[in-house]
Every structure is written in structure tokens, then in C-alpha cells.
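The report that follows walks through selected parts of one structure, from a loop to the ligand shell, the nonpolar core and the helices. Please keep the sequence and the coordinates at hand while reading.

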Amino acid sequence: MYLKTLTLRGFKSFASATTLQFEPGVTCVVGPNGSGKSNVVDALAWVMGEQGAKTLRGGKMEDVIFAGTAGRAPLGRAEVSLTIDNGDGALPIDFAEVTISRTLFRNGGSEYAINGSPCRLLDVQELLSDTGMGRQMHVIVGQGQLDAILRATPEERRGFIEEAAGVLKHRRRKEKALRK
Ligand code: ATP
Ligand code: MG
């Protein structure tokens, strides 16, 4: 399994549709300060279901939508699509290629899709949860996060391990079932 393409449209500084193509192995993103490198990482976290505006370096979720520049009007929606190569079947879905999409409208509306079929956030989270790319996003290690892990309480540390082991998915399902 590896990331194949990431398309941003109206996400943060990426007003026009922009597609990044990845190959298996290591990818480095380089560029001047403020050119959008971290925005690319934010887009990855966002399309995989990130719900925390702060994690995305904003004050509210709407801040991910292109806010306009001197020469360009603000946009009404942000869209990100991530295509994952599932040739090895690491994702529990019967497709060799899986595209996850997320759209947010300025009026607050939000949509998710897997291979073009509308779905819930929970479906995206479950699809990714056994890969370690789940809700808590420990696959993305931000500045200062290592420090947080070192200073975590035993309970928080158990959470990291549970997610890495794919246990969180079952805990979430259990919590959901008990709420009904
Ligand atoms: P550094 O090397 O300093 O870490 P970077 O390449 O990581 O820089 P980013 O943080 O990804 O840069 O991009 C910051 C730029 O994105 C800023 O110019 C900011 O104005 C712009 N930006 C962020 N959110 C939006 C938005 N909603 N609409 C328009 N531009 C945005
Ligand atoms: Mg940066």
C-alpha cells in the first residue's frame, strides 16, 4: 500500500486544482517558507478524517477553505482527494485503488466519499484504522508531538498503542453499540 496521488482544490493556499503524484518510497517536499508544504501535510490529515481545526493549524474548520488573496476571490468550498494503491490488499476493501474524498462547504456542509460513493466519516475512519492511519493521526508526527508522547500519561500512551494495534476500531464500535 502506498499513496499515489493527492489532489487539492480550494484547500488553504491551493486555490486551483493541484495534483501531487507520489511513488513508492520516500517523498520530500521542498520549497520556500510559506509556499504551502505544511498545507500539503494538512490536506493529507484532513482527507483522512482529521476533525481538529487546531491540528490543521487553524481556528475553525472553515479556515481550510481558500480565503482569497489580493488578486483572487475566496472560494466557497475545499476539496481534497487521496488515491491509495491497494495492490497488496492492506485496506479492507475489494479495490486495487482506493480514492478517499472530503469536501467542506463554507455554509458548513461536509461530504466524504470512497471511490466516488458518498459515505460517512466513520466509514473512512474504519477503512484506515487497521493501517495505523486512523483518527488520531499518529502516522503524522508534527513538531512538538514527540515531546507530547514522551510526557504522556500511561492512559494516553495506551491509546497510542491501541491505535497502532488496530484495537481502537473495535472500541469505537462497542461504544457506538452501547449508545444505541
Ligand atoms: P514553512 O517553510 O515556513 O514551514 P510552508 O511551506 O510549510 O512554510 P504553509 O504553512 O504550508 O507553508 O503555508 C502557509 C501559507 O498558506 C500562508 O501564506 C498562508 O497565508 C496560506 N494559507 C493558509 N490557509 C489559507 C487559506 N485558507 N486561504 C489562503 N491561503 C492560506
Ligand atoms: Mg511548514
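## The loop between α1 and β3

Leaving out residues up to four places away in sequence, G58 touches A53, D63 and V64. The model is a predicted one, and G58 is placed by it in the loop between α1 and β3. With 15 other C-beta atoms within 10 Å, G58 is partly exposed, because a residue needs 20 or more such neighbours to be buried and 12 or fewer to be exposed.

## The shell around ligand 1

There are 14 residues around ligand 1, and those that come nearest are N33, K37, S38, N39 and A67. By character, the residues of this shell divide into eight polar, three nonpolar and three charged. The UniProt annotation "binding site", taken from an unreviewed entry, covers P32, N33, G34, S35, G36, K37, S38 and N39; such annotations may be inferred rather than shown by experiment.

Two of the residues named both by the annotation and among the nearest to ligand 1 can be described further. N33 has its place in the loop between β2 (18–21) and α1, and N33 counts as exposed because 5 other C-beta atoms lie within 10 Å. N39, by contrast, lies in helix α1, where 19 C-beta neighbours inside 10 Å make N39 partly exposed. Not counting residues up to four places away in sequence, N39 touches K12, S13 and F14.

## The largest nonpolar core

The largest nonpolar core has 27 residues, of which A43, V47 and V80 touch the most other members. Two or more residues are given to this core by each of β1 (2–9), α1 (37–47), β3 (77–85), β4 (97–105) and α2 (121–129). The element that gives the most is α1, with five residues.

Which residues are in contact with A43, once its neighbours within four places in sequence are left aside? They are L6, L8, F11 and V80, and V80 is itself one of the core residues that touch the most other members. T27 offers another point of reference, since this residue is found in the loop between β2 and α1 and counts as exposed, with 12 C-beta neighbours inside 10 Å. From C-alpha to C-alpha, T27 and A43 are 16 Å apart in space, and they are 16 residues apart in sequence.

## Helices α2, α4 and α5

The buried residues of α2 are V124, L127, L128 and S129, and the elements against which they pack are β4, β5 (110–114), β6 (117–119) and α5. One of these buried residues, S129, has its C-alpha atom 7.5 Å from that of E163, although the two residues are 34 residues apart along the chain. E163 has its place in helix α4 (residues 154–165). Is E163 buried or exposed? E163 is buried, because 21 other C-beta atoms lie within 10 Å and the cut-off for a buried residue is 20 or more.

Helix α5 (residues 168–179), which has 12 residues, reaches 16 Å from its first C-alpha to its last, and this is close to the 16 Å expected at 1.5 Å a residue. Although the buried residues of α2 pack against elements that include α5, helix α5 is hardly covered, with one buried residue among its 12 residues.

Notes:
Residues numbered from 1 in each chain as written. Chains lettered and ligands numbered in written order. Predicted model: local features only at pLDDT ≥ 70, side-chain atom pairs only at ≥ 80, totals over all residues. Near = placed C-beta within 6 Å. Nonpolar A, V, L, I, M, F, W, Y, C, P; charged D, E, K, R; others polar. Core = buried A, V, L, I, M, F, W, Y, C linked by C-beta atoms within 7 Å. Helix = DSSP H or I, 4+ residues; strand = E, 2+ residues; numbered from the N terminus. Contact = placed C-beta atoms within 7 Å. Expected span 1.5 Å × (residues − 1).
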